[in-house]
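Biologist: I should be grateful for a close look at a single part of this chain. Please set out how the residues of that part are placed, and how the part relates to the rest of the chain.

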Amino acid sequence: MSEKERSPEQDGRDFANAAWSIPSYLISGMIIWGGSGWLLSRWTGVHAFFPIGIIIGVVLAIYLVYLKYGR
């Protein structure tokens with residue numbers, strides 16, 4: 001579909017999809033990597049893995065958002 005054939009409704013849906021998927025990426029990154037860090041910290045006894053996992057999850061989620069919407 002070319003740019004001239006796009007309707008305003010389609011543009012609104014694209015924005016709504018992005019508005020829902022960006023926070024979803026961030027939350028799921030924190031849950032997945034934070035959960036992995038929590039499990040690793042429980043297994044090893046080193047409590048630093050949980051916050052490191054959350055930070056890694058947020059950084060990777062921001063990178064995915066950049067790849068999908070930022071270019």
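Modeller: I shall begin with Ser41 and then follow the second helix. Apart from neighbours within four places in sequence, Ser41 makes contact with Val46, His47, Phe49 and Phe50. Ser41 belongs to helix H1. Its relative accessible area is 5%, and Ser41 therefore counts as buried, since the cut-off for that class is under 20%. Ser41 also provides a link to Gly53: the two residues are 12 apart along the chain, and their C-alpha atoms are separated by 9.9 Å.

This is a predicted model, and what follows should be read as a description of that model. The chain contains 2 helices and 0 strands. The part to examine closely is helix H2, which runs over 49-70. H2 consists of 22 residues and spans 30 Å from its first C-alpha to its last, close to the 32 Å expected at 1.5 Å a residue.

The two sides of H2 can be told apart by burial. Gly53, Gly57, Ala61 and Val65 are the buried residues to consider here. They lie on the same side of H2, because the arc they cover around the axis is only 105°. Ile55 and Val59, by contrast, are exposed on the other side of H2. Gly53 thus appears twice in this account: as a buried residue of H2, and as the partner in the C-alpha separation of 9.9 Å from Ser41.

Other positions of H2 fall between these two classes. Ile56 is located in H2, and its relative accessibility of 37% makes Ile56 partly exposed. Tyr63 is likewise a residue of H2; its relative accessible area is 48%, so Tyr63 is partly exposed. Tyr66 is placed in H2 as well, and at 47% relative accessibility Tyr66 is also partly exposed. The class in question lies between the buried limit of under 20% and the exposed limit of over 50%.

The two tyrosines can also be related to residues far from them in sequence. Tyr63 is 38 residues from Tyr25 along the chain, yet the C-alpha atoms of the pair are 9.9 Å apart in space. Tyr66 and Ile22 are separated by 44 residues in sequence and by 9.7 Å from C-alpha to C-alpha. For the chain in general, 56% of the contacts between residues at least 6 apart in sequence join residues at least 24 apart.

Ile56 leads to a further surface feature. Together with Ile27, Met30, Ile31, Ile32, Trp33, Ile52 and Leu60, Ile56 forms a nonpolar patch on the surface, with about 730 Å² of accessible area in total. Helix H1 (8-44) and helix H2 (49-70) are the elements that each give two or more residues to this patch. The largest share, 5 residues, comes from H1.

Finally, the setting of H2 within the chain may be given in overall terms. Of the 71 residues, 14% count as buried. The accessible surface of the chain amounts to about 5,700 Å², and 70% of that surface belongs to carbon and sulfur atoms. In summary, H2 has buried residues, Gly53, Gly57, Ala61 and Val65, on the same side of the helix, while Ile55 and Val59 are exposed on the other.

Notes:
Residues numbered from 1 in each chain as written. Predicted model: local features only at pLDDT ≥ 70, side-chain atom pairs only at ≥ 80, totals over all residues. Heavy atoms only, no water. Patch = residues over 30% accessible without salt bridge, like charges linked within 9 Å, V, L, I, M, F, W, Y side chains within 5 Å. Areas by Shrake-Rupley, 256 points an atom, 1.4 Å probe, with all protein chains shown as cover. Salt bridge = Lys/Arg side-chain N within 4 Å of Asp/Glu carboxyl O. Helix = DSSP H or I, 4+ residues; strand = E, 2+ residues; numbered from the N terminus. Buried < 20%, exposed > 50% of the residue type's maximum accessible area, 1.4 Å probe, protein only. Expected span 1.5 Å × (residues − 1). Arc of directions from axis to C-beta. Contact = heavy atoms within 4.5 Å.
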